[in-house]
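Reader: I would like a close look at one part of this model, the paired strands, and then at how the rest is packed around its core. Please keep it plain.

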Amino acid sequence: MDYKLLYTGKTKNVYELPNGNCLLLFKDDCTGKDGVFDPGENSVGLTIEGVGDVNLRMSIYYFEKINAAGIRTHYVNADLANTTMEVLPAKVFGKGLEVICRRKAVGSFFRRYNEYCTEGQDLPYYVETTFKNDALGDPLVTKDGLVDLGVMTSEQYDSLKAQTQAITKIVADDLAAKGLDLYDIKFEFGYDPEGNVMLIDEVASGNMRVYKDGQYIDPMTLNKLFFA
C-alpha cells in the first residue's frame, strides 16, 4: 500500500490518505492464545483466513445503521475488495479508552459483583469505561476519574454514555430480530477537532457477547449466523 503507515495494530493497520482521512486495513490476524481464538486476549494468537473480511462487512452494516440514526461515527466508506475502510481522523481519549455496555450480568461484571447480583441478571444498559492498558489489565475508571485526570470533559462523558446506550440498543434490536440476544458489547470512541465524541474502530462479532436460546455463540459461529 502506497499510503503512509500511521499505526500497526493487532487486527488492523492505519494509513494516512491524501484527503486527510485515514484508511483502516482489516487483517486476518486474531487475538488468542495457543492457536485458539479469544477476543478477550491482548495478543495476536492466530490467523483465520477471511476474518478481516467478515469483521469489515459487519462493521459496514452497523456503521451505516448508526450513521442513519444520526449518531456520529468515523465511518466514511469501505472497499470490500481490498478489505479497507475510509474513516474520519479522530483523537483517542487519553492513551485509549474502551467502553462496555452491559445488558446482562456476566463475565468480568459478574466476577466482580456476584455478591450483589445473579449470573445473567438483566442490567439497564450499564456503561463502564476502562483504560486500554494490557499490562494493567485494562483498569476500570469512573466518570469522575476521567474528568479529574483531564482525559475528557464532563460533557464529553455524558455524550459518550448516551451514544453508547443508543448504539447498543440499535445492535441489540437488530440481533433480536435474528433470534440472537446481545449480553454485552465493547466500543471505542474518539473525538474530532471540535471535541465532538464519535464512535471509532469497528463494530464486529469479536467485540460482543451474544447468546442464542441461552447458549453462548462464539464470534466465528456468530459471523456464520449473521451472514447466513
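Author: Strand β10 (residues 97-104) and strand β11 (residues 122-131) run antiparallel and are joined by seven bridges. Within this pairing, valine 99 has threonine 129 of β11 as its bridge partner. β11 also pairs with strand β12 (residues 140-141), again in the antiparallel sense, over two bridges. There, threonine 130 stands opposite leucine 140 of β12. All of this is read from a predicted model.

Two loops between later strands hold residues with an uncommented but definite backbone feature, a positive phi. Aspartate 201 sits in the loop between β14 (197-200) and β15 (208-212), and its phi is near 70 degrees, a positive value in a residue other than glycine. Aspartate 213 lies in the loop between β15 and β16 (215-217); its phi is near 55 degrees, likewise positive in a residue that is not glycine. With a relative accessible area of 72%, aspartate 213 lies over the 50% cut-off, so it counts as exposed.

Next, the helix α4. It covers residues 154-177, and at 1.5 Å a residue its 24 residues should span 34 Å; the C-alpha atoms at its ends are 35 Å apart, which agrees. Buried residues in α4 include Tyr157, Leu160, Ile167, Val171 and Leu175, and also the polar or charged Gln156, Gln163, Thr164, Thr168 and Asp174. Just after α4, glycine 179 takes a positive phi of about 80 degrees.

Two of those α4 residues lead on to the core. The largest nonpolar core has 42 residues, and Val171 and Leu175 are among those with the most contacts inside it, along with Phe189, Val203 and Met208. A second core, separate from this one, has five residues, including Leu46, Ile48, Val51 and Val54. In soluble globular proteins, nonpolar side chains tend to be buried together.

Valine 203 shows how the parts meet. Leaving out residues up to four places away in sequence, valine 203 touches Met58, Ser59, Tyr62, Phe63, Ile66, Val171, Ile185 and Met208.

Last comes asparagine 223, in helix α5 (residues 219-226). Its relative accessible area is 4%, under the 20% cut-off, so asparagine 223 is buried. With residues up to four places away in sequence again not counted, asparagine 223 touches Val54, Met58 and Ser205. Of these, Val54 belongs to the second core, and Met58 is also touched by valine 203.

Conventions:
Residues are numbered from 1 along each chain as its sequence is written. Side-chain values use heavy atoms; hydrogens and water are left out. A nonpolar core is a set of buried Ala, Val, Leu, Ile, Met, Phe, Trp, Tyr and Cys residues joined through side-chain atoms within 4.5 Å. Buried means under 20% relative accessible area, exposed over 50%, partly exposed in between (1.4 Å probe, protein chains only). Contact means heavy atoms within 4.5 Å. Helices (H or I, at least four residues) and strands (E, at least two) are DSSP runs, numbered from the N terminus. The expected span of a helix is 1.5 Å times one less than its number of residues. Two strands pair if DSSP finds at least two bridges between them.
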